[in-house]
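User: Please take a close look at the charged side chains in this model and how they pair. Then set that part in the context of the helices and the longer-range contacts around the rest of the chain.

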Amino acid sequence: MIAQFLGRTAAALPRGPEGLVWWLVLVQSLGITAVLPVLPLYANEQGADLHFVGLMVGAYMATNLVCQYPAGWLSDRFGRRGLMFAGLAAYALASLGFLFFRSPEAFVALRGIEGIAGACFTPAALAYVADRAPEGERGQRLAHLTVAQNGGMLIGPALGGALASVFGLASPFLALAVLCMVGALMTAKLPGAGRAAAQARHLAQPTGGRLWAEVRWPLFVGLAARALAGGFAMGLYESVWALYLKDLGATTWLISMSWTAFALPPILLAGIAGRLIDSQGPSRLVVWGTLFSSLLVASYALTDRIEMVLFLSVIDGIGFAFAYPAQNALTVLVSPEALRGRVIGLIAAISTMGALVGAVVTPPLLGKGPIWCFGAGGIVLFVSGAILAGAVAIERGKTQLAPNSP
């Protein structure tokens, strides 16, 4: 059964350059998630205390936040391929750095470099696929990228744990370096994303204020609210989820399984989500998916049974499976092609800002009680969904939208 499912999934993947980008996203996600479970343990083994572990997390988020928009501008101006190469190469070098520079201060700096690497690679990969997607198939192509990202989350932590158990805590860093360097070299096979093509596209578009005037600003504001709230929820999960489940009596294995339970629906439902985005437009899916997720986040505080939490994680993943690729598709539609990289980078930066806020705010709220923590996450998501729904209504009042538009 598993082999049949993998065969059908492989057959559904895009071919050619878009398929190569899919594999690059999987490689990056797999390498990063393989390292994350052992990163605090490795840093602690080398003398980093909890203070420096926190600084490592903050360094990644800070540089990622600052560099998202400039990286988007560079991809608009000089091509997506170069930014993907730079991001993967920087990941590889920074990962090797953990093996040679073993002071806590160096770890903070290396995580900062990895934040820059993520800012270069991910928006450029998303924009590359959006640029080349045939009309009417963009939702499916973007949903496939969600499969690659969640596939890494599904496999990576187990792979990293297995490598660390057999070869030591340093081995996942070497694996990340090898995977990302191979990926960087593979970007040379991507056509039509070089500097000359990007500059020609840039010169063919209006410039300055005329270019930004073409942005659908109501939708942009709604998407910014959604990205901020989605980032807040992710910061919540990354900072308090394991602690919450541990308080309920969950083992480390069950905590890991909760992430697997969340990651499975986006993989299994990617084809359905992509077809719905292309046929119905992304706005409905992202609005209803956001409102649905707001209820699921708040509901975690209403149970103390581990099996119910795992069940809710699966349902939460179903909402994410539709809302996240729909959000990416809607982001692509709010701006002209010459601004695509910058708008994607700006929305991603807003999401990172939300994650930083969520990671800082939610641990004290968990100390007051789960309802405070998860209730705050649910309220933030619900408000963002309402704002986005209003933005969609305003945009539809301004223009008659086609089925494959927002």
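Analyst: A salt bridge here means a side-chain nitrogen of Lys or Arg within 4 Å of a carboxyl oxygen of Asp or Glu. The model is predicted, and side-chain atom pairs count only at pLDDT 80 or more. On that basis, seven salt bridges are found in the whole structure. Side chains of opposite charge can pair when their charged atoms come close.

The part to look at is centred on R80. D76 and R80 pair through their side chains, with an N to O distance of 2.8 Å. Both residues of this pair are buried. For R80 the relative accessible area is 2%, and R80 counts as buried because the cut-off is under 20%.

R80 also forms a salt bridge with D131, in which the closest N and O atoms are 2.8 Å apart. R80 belongs to helix α5 (residues 80-100) and D131 to helix α6 (residues 104-132), so this pair ties together parts that are 51 residues apart in sequence. The burial differs between the two partners: R80 is buried at 2%, whereas D131 is partly exposed, with a relative accessible area of 23%.

A separate pair is that of E307 and R305, whose side chains meet in a salt bridge at 2.9 Å, N to O. E307 is partly exposed, its relative accessible area being 47%. R305 is likewise partly exposed, at 48% relative accessibility. As for the bridges around R80, shared partners join D76, R80, D131, R340 and R342 into one network.

The helix that carries D131, α6, also packs against α16. The axes of α6 and α16 come within 9 Å and cross at roughly 135°, an angle that makes the two helices oblique to each other. The handedness of this crossing is right-handed.

Helix α16 (residues 340-368) has a further partner in helix α11 (residues 217-247), where the axes come within 6 Å and cross at roughly 40°. These two helices are therefore oblique as well, and the crossing of α11 and α16 is right-handed. Sorted by residue type, the contact of α11 with α16 has 21 nonpolar residues, seven polar ones and no charged ones. So far as charge is concerned, this contact contrasts with the bridged pairs described above, since no charged residues take part in it.

Elsewhere, helix α2 (residues 16-35) packs with helix α8 (residues 171-186) at an angle of about 165°, the axes being 8 Å apart. Because angles over 145 degrees count as roughly antiparallel, α2 and α8 fall in that class. Their crossing is left-handed.

After α8 comes a loop leading to α9 (195-204), and L190 has its place there. L190 is buried, with a relative accessible area of 1%. The C-alpha atoms of L190 and V21 are 8.2 Å apart in space, although the two residues are 169 residues apart in sequence.

Two other pairs also join distant parts of the sequence. L41, in helix α3 (residues 39-45), is 7.7 Å from L169, C-alpha to C-alpha, with a sequence separation of 128 residues. At 52% relative accessibility, L41 counts as exposed. I394, in helix α17 (residues 370-398), is 6.9 Å from P218, C-alpha to C-alpha, and the two are 176 residues apart in sequence. I394 is partly exposed, with a relative accessible area of 49%.

Covalent cross-links do not add to these contacts as far as cysteines go: a search of the whole structure finds zero disulfides. The cysteine sulfur closest to that of C120 is in C67, at 6.8 Å, which is too far for a bond. C120 is buried at 14% relative accessibility, and C180 is also buried, at 0%.

To return to the part in question, R80 is a buried residue with salt bridges to D76 and to D131, and the network that includes these three residues also takes in R340 and R342.

Key. Residues are numbered from 1 along each chain as its sequence is written. This is a predicted model: local features need pLDDT of at least 70, side-chain atom pairs count only at pLDDT 80 or more; totals for chains, interfaces and linings use all residues. Side-chain values use heavy atoms; hydrogens and water are left out. Axes are lines fitted to C-alpha atoms, for helices over the stretch in contact, and angles run from 0 to 180 degrees between N-to-C directions. Helices (H or I, at least four residues) and strands (E, at least two) are DSSP runs, numbered from the N terminus. Angles under 35 degrees count as roughly parallel, over 145 as roughly antiparallel, 65 to 115 as roughly perpendicular and the rest as oblique. A crossing is left-handed if the near helix is turned anticlockwise from the far one by less than a right angle, and right-handed if clockwise. Ala, Val, Leu, Ile, Met, Phe, Trp, Tyr, Cys and Pro count as nonpolar, Asp, Glu, Lys and Arg as charged, and the others, Gly among them, as polar. A disulfide is a pair of cysteine sulfur atoms within 2.5 Å. Buried means under 20% relative accessible area, exposed over 50%, partly exposed in between (1.4 Å probe, protein chains only).
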